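Here are my notes for you, written as numbered points. Keep the structure open beside them and look up each residue as you go.

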Amino acid sequence: MNKPIATFLLGALVLTACGTGGGSPSPPPKSSGTVAWGACTDLVGPDGKQLTPGPGVECGKLPVPLDHSKPDGEKIDLALIRVKATGDRLGSLVFNFGGPGASGVDSLAMAATAFSKLGTRYDLVSFDPRGVDRSAGVTCGDTFARMLAAEADADQDALAAEFARTCQKESGKVLPHVGTVNAAKDLDLLRAALGDRRLNYFGFSYGTHLGAVYATRFPKNVGRFVLDGAFDPSVTFEERAVIQATGFDQALEAFAKDCVAQSCELGADPAAVVKTVEDFVEGLKTKPIKVGDRELTFWLGQLAVITPLYAKQSWPMLEQATAAALKGNATILLALADSYTGRRPDGTYNTMMTSLQAINCADYAERPTAAQMERINERVKKIFPVLSFDGVTGGACDHWPVRGDDAARRIDATGSAPIVVVGGKGDPATPYRWATSLTDKLRTGVLVTYEGEGHGAYLSGDACVMKTVDAYVIEGKVPAAGTTCAA
């Protein structure tokens with residue numbers, strides 16, 4: 001995400017190697033050895049405070065090449081976490097929880113109980129991908145924090161240029177070697193180090209992209225794969241922006257209808273509720289709201305509003321937080337924005353957003369011009385004004401010191417085992433159309449449709465989705481074509 005913050009959002013979900021067509025896959029890399037597992041000492045919870053690991057939780061490190069073209073060269077350590085199987089073990093199940101840039105170590109520590117059924121038969125494993133947090137995480141000083149705190153009319157281009165310079169200064173060694181293709185190669189090293197002949201994998205949001213790239217590069221090593229909250233990496237930046245804006249617009253309308261049905265503080269009818277939210281965010285451009293020694297700026301307000309739209313369970317928080325902010329108390333909205341950006345209690349940030357920038361700029365050769373960004377903004381403004389970004393002079397990667405390429409956008413998974421793709425009809429961040437298009441591109445894809453709201457279906461707790469996925473991962477039962485789970 002660089003200039004302004006909305007251009008991060010519309011590219012983020014929330015991409016040079018061998019060809020990916022019908023030819024032979026690249027040979028799997030050799031294992032870097034086994035993992036030495038031990039106690040977890042630095043887990044972090046959603047409040048930014050230290051998290052106490054649960055039973056059977058272990059952490060470890062796996063050395064991998066910084067540059068995969070030089071396998072005997074400099075190494076970096078991938079940080080790992082494992083929750084040991086509680087029953088008759090089938091193998092390991094590796095998770096990526098999205099981003100790109102989210103810490104898999106912290107995410108699995110918090111979410112492990114949601115996968116308790118799978119944990120009876122599998123060691124649940126996750127990791128911080130290269131460039132993320134404990135795995136040579138990309139740092140960029142305090143420039144991201146200053147961008148968030150900037151006024152709406154600040155020179156975002158100058159801030160973005162400074163941001164890129166600082167990232168290069170602090171993390172220049174790793175920047176050329178992040179990205180989804182390199183992360184997929186790491187995944188295969190992890191598979192070998194875990195002692196698994198095939199990789200069993202569960203990817204959410206961006207994790208579906210990583211899984212698709214892995215399946216394309218290493219199709220013969222694909223075990224039981226589930227891709228939930230599917231992202232289609234082949235779309236252009238403009239298509240991504242417009243499709244996500246449409247998804248969030250639909251989520252805001254669904255929230256508004258639900259809010260009115262339960263007596264809503266934000267308006268008497270759904271249209272009034274939507275207008276209240278849109279006007280509130282727009283008003284932050286000229287009148288940020290003081291919260292202690294900080295302010296809820298326009299950029300932070302955008303983040304705060306879209307965060308509860310990711311899950312229906314958090315819709316009441318959007319009503320409560322917006323109603324309070326309209327009365328001058330933006331404490332809850334600021335906390336929502338902080339949770340999205342990875343702000344810690346001491347005012348520093350984890351690497352989630354800086355890692356996201358590095359990975360996205362590596363994964364795409366696209367660098368939209370000022371004219372293209374202006375056109376995109378006009379389209380977004382008509383669909384979902386909350387994420388509009390007036391005054392932008394270029395795309396998010398304009399000043400980035402490393403050129404991207406499109407290797408991670410080419411996927412097909414030819415020759416792999418079946419891959420289950422789960423798409424939600426009411427998913428705002430990775431709209432349903434991406435689930436259908438990703439399934440079509442993956443030659444072995446099988447689509448499961450969830451008709452409910454929210455980003456990601458399995459973690460919604462829907463019994464049908466969980467039963468379908470569990471049966472595939474544990475018993476190998478591939479869902480029937482056209483499988484649909486009602487909300």
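1. Let's start with a pair of neighbours across two strands: Phe 202 has Val 226 in E6 as its bridge partner. Keep in mind that this is a predicted model, so treat what follows as a reading of that prediction.

2. Now zoom out from that pair. Strand E5 covers residues 199-204, and 5 bridges join it to E6. The two strands run parallel. As a bit of background, side chains in a regular strand alternate between the two faces of the sheet.

3. How many of the residues of strand E6 are buried? It's 6 of the 7 in the stretch 222-228, so E6 is largely enclosed by the rest of the structure.

4. Helix H9 is a nice one to look at after that. H9 spans residues 298-306 and is mostly covered, with 9 of its 9 residues buried. Among them you'll find Phe 298, Trp 299 and Leu 300 at the beginning of the list, and Val 305 and Ile 306 at the end. Gly 301, Gln 302, Leu 303 and Ala 304 are buried as well.

5. Next, two helices that pack against each other: H7 (residues 237-261) and H10 (residues 315-326). Their axes are 10 Å apart, at an angle of about 80 degrees. That angle makes H7 roughly perpendicular to H10. On the H7 side, the contact is made by Ala 251, Ala 254, Phe 255, Asp 258 and Cys 259. H10 brings Trp 315, Leu 318 and Glu 319. Sorted by class, the contact has 6 nonpolar residues, 2 charged ones and no polar ones.

6. On to the cysteines. A disulfide is a covalent bond between the sulfur atoms of two cysteines. The count for this model comes to 5 disulfides. If you number the bonded cysteines along the chain, the pattern is 1-2, 3-4, 5-6, 7-8, 9-10. I'll go through some of these pairs below.

7. You've already met Cys 259 in the contact between H7 and H10. Which cysteine is joined to Cys 259 by a disulfide? The partner is Cys 264, with an S to S distance of 2.0 Å. The torsion about the S-S bond is about 80 degrees, so this disulfide is right-handed. Cys 259 is buried, at a relative accessible area of 4%, and Cys 264 is buried too, at 16%.

8. Another disulfide joins Cys 140 to Cys 167, S to S 1.9 Å. Its torsion is about 110 degrees, so this disulfide is right-handed. The pair links distant parts of the chain, 27 residues apart. Cys 140 sits in the loop between strand E4 (122-127) and helix H3 (143-149), while Cys 167 is in helix H4 (residues 156-171). Both cysteines are buried.

9. Last pair: Cys 464 and Cys 485 are joined by a disulfide, with 2.0 Å from S to S. Is this disulfide right-handed or left-handed? The torsion about the S-S bond is about -65 degrees, so the disulfide is left-handed. Cys 464 lies in helix H15 (residues 463-475) and Cys 485 in strand E11 (residues 484-485), so the bond ties together parts that are 21 residues apart in sequence. Check the burial here as well: Cys 464 is partly exposed, with a relative accessible area of 30%, whereas Cys 485 is buried, at 0%.

Methods:
Residues numbered from 1 in each chain as written. Predicted model: local features only at pLDDT ≥ 70, side-chain atom pairs only at ≥ 80, totals over all residues. Heavy atoms only, no water. Buried < 20%, exposed > 50% of the residue type's maximum accessible area, 1.4 Å probe, protein only. Helix = DSSP H or I, 4+ residues; strand = E, 2+ residues; numbered from the N terminus. Axes fitted to C-alpha atoms, helices over the stretch in contact; angles between N-to-C directions. Parallel < 35°, antiparallel > 145°, perpendicular 65-115°, else oblique. Contact = heavy atoms within 4.5 Å. Nonpolar A, V, L, I, M, F, W, Y, C, P; charged D, E, K, R; others polar. Disulfide = S-S within 2.5 Å. Pairing = 2+ DSSP bridges.
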